[in-house]
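Colleague: I'm new to this one. Can you walk me through it?
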Amino acid sequence: MAVCIAVIAKENYPLYIRSVPIQNELKFHYTVHTSLDVVEEKISAVGKAMADQRELYLGLLYPTEDYKVYGCVTNSKVKFVIVADSSNTSLRDNEIRSMFRKLHNSFTDVMCNPFYNPGDTIQSKAFDSMVSAMMVQAS
Amino acid sequence: MAQCVQSVQELIQDSFVPKVAVLCSEDAQKITRKNNLNFSELLRPFCRLTSEGHMRDSNNQVQVVKNLRISVNNVVTRPSVPTSGVHSPAQRRLLSEVVSASQPAEGGVANVITAGDYDLNISDRSVKASVPWYSDWRDTLTELSTSKHYTATTPWFEAYRESFLQSMPASDHEFLNHYLACLLVVSSSEAVPVEQFLKLSQEQHMIQHNGEYTNPKWFIPNTLKYYVLLHDMSQGDEQRADSVYEDMKQRYGSQGCYLLKINSRTAAAGTDEQIPDPWSQYLNKSSLQSQVRRDFVPLPHTNLLQILQVSGLSLDNTHPLQLETAIDMPGSLDCLRAVATETKTTTVYTGVAAGTSHGACLTLNDHNRLRLFIQEFTFRGLLPHIEKNIRQLNDQLVSRKGLSRSLFSVTKKLFGGGKVPEKSIAELKNTSGLLYHPEAPELQIRKMADLCFLVQHYELAYSCYHTAKKDFLSDQAMLYAAGALEMAAVSAFLQGGAQRPYPAHYMDTAIQTYRDVCKNKVLAERCALFSAEVLKSQAKYSDAATLLIKMTSEDSDLCSALLLEQAAHCFINMRNPMVRKFAFHMILAGHRFSKAGQKRHALRCYCQAMQVYKGKGWSLAEDHINFTIGRQSFTLRQPENAVLAFRHILTNDSQQTATQQGAFLREYLYVYRGAFLRESHTVALPQLPLPCINSSATRVYFGHERRLAEGEKQAATHVSLDQEFDQDLAAVWQDLEEQVVAAANRGVVPSTFYPTQCCLNSQTDNLHFPLAVVEEPIIVEVAFRNPLKVPLVLSDLSLLWKFTLKDFSRPQPQDVMVGDAVTITNEKEARLKLLPRQTGQLTILGLVYNLASTPSTGDSTINSNSPSVRGRQDLEIQGPRLNQTKEEKTSVSHGPDRRLDPTITPPMPLLEVFFLQFPTALLCGEIRKAYVEFCNVSHVPLCGLRVASTHPDFFTFGSSSLATPLTPLSPTSFENCSAYKTLATPPGATPGSVTAVTLVSAADFGSGGGGVFGTGGKRVAEIPLGEGTLTPGESTQLPLWLRGPDQEGVHEINFLFYYEGAEKGGKISHRVLRHTVFICASRSLSVRATACRSNTLPEEEGRNGSMLVFVDVENINTSEAGVREFHIAQVSSSSKQWRLHKCINPAENKDCKLTTRERGKLCFRATRSTSKSLEKYTFADLSLGNEQIISSTTPCADFFFRRCQSSESWRPLIAVETQGRHSRSQGAGPGGGAEDITGVVRKCNEVDLDIIVLWKAFVVEDNKQVILEGQLHVALQTIGKEACSLRQKEEAQEMVLLKFKPELPPPMTRPSMEQLSHLIKTNLHYPESYSHSFVQKSLCMIPVILTLSNCSLAQVDAIIDLRHKTTSPESLEVHGSFTWLGKTQYKLQLRAQEVMRLPLRAGFLHAGVYNLGTPRVFAKLADQGAMCETSQQTATPALIIINST
């Protein structure tokens, strides 16, 4: 389960960022922000021509001492970042993928909302609850 | 990246140089001390050799030594820091001093790196540039784009590295910084210099071989001794020196000794001669600092100074890192450091007093001598010595080679492959302890490698290191192996060319070994520094960064900070710059710097990171950085920067929690206070960021705040700040004002007219400078918004303004009203008052206030210890966006907004209006008398008082020409007195008959009676003031009659009082006062009236004019108002042609009484009035009660005329339509006869009679019976058509379908049949009953006269048909009908309004009752040949009774 989930706009400002409340929120902000560099590197590494066939899932962006950061980029260059605890070894690549898929679907729903103004921060309750379902439950 | 001044090659070369020790006799030291230097310091600037050296390697090949540097140091026997691998506290302190002393030069050229979307300003100037980082940013960018310098240097890192490398303790596992040679220096002034040389030589030998001293480590047992005879030119005997030198040459050989002559400048020889001071750059910073200390210690500390000098004497020759004297100078230390940094930035060391300048006794010649000496020593002494040793070692090795190889193979055989790891594990545990003896044969190869390395023979060095590495590894001597690995990698790198790829993994292994196995952090760090540099030079930034980050540890914050910073620079220098990683690591570095106490560096790091985070939506991070910057700036005594940084946290719409925000706020206030308390108050107050001011929502109100009610008096509402602005309402007021201004200016609105605006806001027209009157307050309402979740407390608010005198009067200050403390939780307005005392131009600039936070304890009282700061905020209002021309549409430009720039004008009159007994609810049509008081509260007379209203028929001031003295002028005598003027009915008069007929000209009520209706707007009325003016302070009461609106419901009625000053030509031509009332009208009576022709004979009443008027009165009051009953008191008529004649009611109840929902019918006869005057109205009163109301006087007639006007205003559309049609038909040709007919026909049906029903209502109010009076108007226009007092709803018109095609003109209307049937009025005149003896005469003949009267004004042809309608069923019914005798058909022609009598005879056969009304009359207009006759309306049944006798 994730400890921090973030959605970042094409222009690299956060649309949504949520972390496990007991942890240091600021740290996650920094971590997610820094991971954008890796995302950009990975995107640019694929190259222009292959951009269409590029897989959305970027895999492990970078491991820190305590956390693993995974990334995913939609075709519209919206980035999803999931930070998971390094100690959580049960988390497999497949599960991360499915988390991203869920996140993407939910994000699409948000975008489909005619009252949502693209570029605004996400305040959807449905999205929120879906994210909390994916988060580590703070006990 | 940190671009270094040196290249990597230079750096490494300079890090490992041949070291030379110095032993100096005391006399020699004295000589050098003259120059404030010891011998090694003296030589230091000249230690780099400018010329190439040559030496032969073991294969007798010539090796070129370029750019060699040697290091000359005094011998220090004190044991140095144990090689524990950790820095001692002293070392740490020194390193940190070095770093903090090296600060980015202010004003240096900045460097911008463009990385993706980011333009990063990673400059030395960033600390400065960060100060106004929104405003200055652009300037910096433009400046940088033009600049050619693209180097970001981190001099503090280089300084650190240099210090760090120099402070490396000599270690046993490597020989690079062991002494190769020793200079023995003796002065020529010595009695026996040779003895001294011997002494020194013995001393050196003792130090090296005694075993007592571990510290100065020596490379080779037989160290090169070089004998230097120092001669002081200023004192010594030169010849003696030369002779001693000759002696020395004999003894030590010409290559082993030297005569150095210095101090050739005499003290007297002008000090003005400028000699370059090379020492300032070469002497390292810490020693420089100690120099500074010496200079700046005040006199009382002389003993301390001596101590320092002593320590300088004994220790200066060692590396300053080992300087462990506890120099404790609290207080002065800071300023000294400050001076030190200052002098550092001015690279040339000139700021120091002349006494301490180095080399004062040296001439340029002496410099050259020193240079020569070093060269001589190196080429003649040192290099050959090294060459010799390399050869020796090489020989040894060659002889040993076979042995070692065989040994190796033997061990291998002995232990076998499988056992090696086991051994290694066992060995690993104590490898760090494994030490070879310095002269151990295993170290020989390493020694040789080091020697080769020192003389730049890297190829040989590499192969030696490589071999050594293998040996050490096999011995599991890990420290030695790591050292060999490190140097192997370095020498491979320095070899250059493509001979050998750089073995990066050697470095990694070395670092790992140093760190993990040997636990030697210092060595690991050194190794990492080299490795990183090498990687960087090979553009492997990612690896370098990883390496640097790996090297950070919890042990040393300073080191970690520096490494992190370098790593950050690596990220940004990658091919795809990783800006965010850069920023993140900068933050980490900043954090470590601050932990290490390097505040300036920390601040710089945060500022650089800020550039990435700024404005990108990462608010949490941004806030954190800003907060840190603020704190650091504050501790660094840069309060302005701190305040700025804190501002950003507070002004952002922060997502922080309330407690966090509260903390930020408190911190901000604290910092702010700290920053600005020190400054004098003459400085302009600084801007405060909180709370936000919504400038455009600022409202400005001119004038006093009004009292709304004062006892019974009710003041005019006017405009107040409490009202919301309503665009529609504003338009209504403006329209009213325009009308009243037009009326006051004889019907023309002057071109300079500009509507008065008392309250300016964002929606009003603010293009003009508003006008304010002197001595009248200006109230400014400022809208605050608190973006935080914690409340803010504002106190001592006042306005800032600027005043320019325009007119000339004695200067007087302006009063500023100050508001009370305001606590703002979310949004709040504050009102501030300004009282101008003289005329001129005022500009309101902003406001000043104290800002404080509420104490966290939660009590609302503002206690003194909660910090409050004083600051200002400007009010800048942007006008509306311009959107007129094309340029304005394509660009964004805003118009001016002059809300806050009022012009103060000379005094103007000021009117206050009060209403007395003004009702809030009225019955429809109710007449009520109220009083209005006009009061001039200014010091200037007032005149030209007028009023305009949206409902002019609602009120009247009475007619001045008919001003009745009867009406009581004071409201006190009002009690139970009718609003009407009444007369008691003469006792004899029968109720219901006309008692009075008055002729009144409309002009009386038109012009005099309260209105200039003719001139301008219909809604403007002049107010009859006594003399037309109100003197200052005067007040007048005037009666005011009100009439309830005809429509029920709530009516909003606007009054606009207009007045002028007595003096014309001022800036303000007039002033206005607004008043709005709401009247709730409830239903009273509904009056419907119809008129029809009376069939009575015209002879009876005058000539041809008789009409019946039926008035239906219904009480439609719903009893809520407590109305018990209505009495119809009087019915009056008003018309130009008609008048009511008498009531023909079966009037049993003389007072017509109507209770709830009751309906009454009144019937009147009206006659044509006899008056010839067409312009005058005839008022006829028919009193039904016991008193007559004179309807032709003030309230009644006024409202009648007002109603006429208002109803006229309802009609213009129809009038225009008919006119248009008229002209069209005329244009059509001469055959426009139809139009005439219509006119004629209509005319004949027209009545123009207005019925006024005056009623009284008995209302129970608070158990008291109150009589209300009222009047209702019905306008009768057409005979037979019902008219109603209530205006017909206009819904039908409002709901007209939209038509996009022009409507076809309606076909020429012919007069309708109905209309035509009214052309002729018939009347039968006969005896009502007739007795006839049918016995005697069977036929009874009765003469009947048929009167035909032409109602129209045209000639009419009439046909009278007397035949009974056979088809008519009723004729069959009538038993025994009668017959008309004589002609059955008459053709007649009637002239206009002619009355013709036609004698007829009727014959009856039986007695009975007969209807004589059978004659049918057809009529047509005489000149309309084409038309057929129309049957005229039959008269009512005319019954005749024939009696038989």
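Modeller: Here is a short tour, from confidence to contact to one sheet.

Modeller: This is a predicted model, where local features need pLDDT of at least 70, side-chain atom pairs count only at pLDDT 80 or more, and totals for chains, interfaces and linings use all residues. Residues are numbered from 1 along each chain as its sequence is written, chains are lettered from A and ligands numbered from 1 in the order in which they are written, and side-chain values use heavy atoms, with hydrogens and water left out.

Colleague: What ipTM and pTM does the predictor give the complex?

Modeller: The ipTM is 0.87 and the pTM is 0.62.

Colleague: And what is the mean pLDDT of chain B?

Modeller: The mean is 70, and 68% of the residues of chain B reach 70 or more. pLDDT is the predictor's confidence in each residue, from 0 to 100.

Colleague: Where does pLDDT stay under 50?

Modeller: Residues 406-433 of chain B are one such stretch. Residues 961-976 of chain B are another. Where pLDDT is low, the predicted coordinates should not be read in detail.

Colleague: New topic. How many residues does the contact take from each chain?

Modeller: Chain B gives 20 residues and chain A gives 18. Contact means heavy atoms within 4.5 Å.

Colleague: What area is buried there?

Modeller: About 1,700 Å², with 65% of that from carbon and sulfur atoms. Buried area is the accessible area (1.4 Å probe) that two parts lose on being put together, summed over both.

Colleague: Which residues of chain B lose the most area to chain A?

Modeller: B:Arg580, B:Trp618 and B:Leu620, together 46% of what that side buries.

Colleague: How many salt bridges are there between the chains?

Modeller: Two. In one of them, the side chains of A:Glu40 and B:Arg580 meet at 3.4 Å, N to O. A salt bridge is a side-chain nitrogen of Lys or Arg within 4 Å of a carboxyl oxygen of Asp or Glu.

Colleague: Last topic, the sheet in chain B. What is the strand order?

Modeller: The open sheet of four strands runs β52-β50-β55-β56, with antiparallel pairing. Strands are DSSP runs (E, at least two residues), numbered from the N terminus.

Colleague: Why is one side of β52 and of β56 left without a neighbour?

Modeller: β52 (1385-1390) and β56 (1430-1431) of chain B stand at the edges, each with a single partner strand, so one side of each has no neighbour in the sheet.

Colleague: How many bridges pair β50 with β52?

Modeller: Six, in the antiparallel sense, with β50 covering residues 1356-1361 of chain B. Two strands pair if DSSP finds at least two bridges between them. B:Asp1357 stands opposite B:Gln1389 in β52(B).
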